[in-house]
Amino acid sequence: MTGQKVETQSSAPAQAAASATSCIGGGVGAENAQPLVAPINVKLQRFAGGTAEVAVVGLRVKDKFAILTMRIKPTLPQGTGEKASPYELNNSAPLAPELIDTVNAERYVVVKDSDERQVQDDDVSIYVGNGQCAAPTYTFAAPPANVRSLDVHYGQWPFFSNVPVQR
């Protein structure tokens with residue numbers, strides 16, 4: 001896998017297109033938010049001829065936690081159905097997001113609550129329509145204050161490198 005270079009989108013057409021689409025999931029406001037890094041377009045293995053735009057919308061530290069918000073917008077081929085879950089878009093595999101701290105050589109995984117459930121949106125039960133977007137969120141332990149960016153590994157897709165940590 002290759003990392004994606006951090007770039008802030010600034011084009012008005014891209015912002016207008018993003019704001020015209022509402023997102024499904026816990027990422028409140030993700031449909032209007034400018035991605036932290038340039039979105040990547042990925043081919044969908046399970047949906048021949050299908051693609052998805054994947055972007056990191058936010059990586060914000062709040063108290064002892066870091067909240068990652070992603071945005072996934074599929075373009076499904078005709079005849080494959082109207083909706084798919086992020087799990088299905090990832091070739092029916094868990095997305096298993098990870099944050100990689102290259103400063104301290106640490107890997108962060110989604111935290112669990114007292115019932116041993118991961119604190120995240122369910123990638124299997126969120127369904128997103130063709131041309132619409134999902135904005136799932138994931139909660140991690142916060143990195144130390146000296147960490148200004150993290151790599152984001154998300155699903156079977158190329159990773160995002162040097163994603164800014166918002167504090």
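**View 1. Antiparallel pairing of strands E6 and E7 in the predicted model.** In this predicted model, strand E6, which covers residues 98-101, is joined to strand E7 by four bridges that run in the antiparallel sense. Within this pair, Ile100 is placed opposite Arg107 of strand E7. Strands of a sheet pair through backbone hydrogen bonds, in either a parallel or an antiparallel manner.

**View 2. The open four-stranded sheet that contains E6 and E7.** The strands of this open sheet follow the order E7-E6-E11-E12, and their pairing is antiparallel. Strand E7 (106-109) and strand E12 (160-164) form the edges, and because each has a single partner strand, one side of each is left without a neighbour in the sheet. From one strand to the next, the twist averages 35°.

**View 3. Secondary structure along the chain.** The protein comprises two helices and 12 strands, and these elements, read from the N terminus, succeed one another as α-β-β-β-β-β-α-β-β-β-β-β-β-β.

**View 4. Burial, contacts and exposed surface of the protein.** Of the 167 residues in the protein, 44% are buried. Among contacts with a separation of 6 or more, 64% are between residues that lie 24 or more positions apart. The area that the protein exposes comes to about 8,700 Å², of which 48% is supplied by carbon and sulfur atoms.

Conventions. Residues numbered from 1 in each chain as written. Predicted model: local features only at pLDDT ≥ 70, side-chain atom pairs only at ≥ 80, totals over all residues. Heavy atoms only, no water. Buried < 20%, exposed > 50% of the residue type's maximum accessible area, 1.4 Å probe, protein only. Contact = heavy atoms within 4.5 Å. Areas by Shrake-Rupley, 256 points an atom, 1.4 Å probe, with all protein chains shown as cover. Pairing = 2+ DSSP bridges. Axes fitted to C-alpha atoms, helices over the stretch in contact; angles between N-to-C directions.
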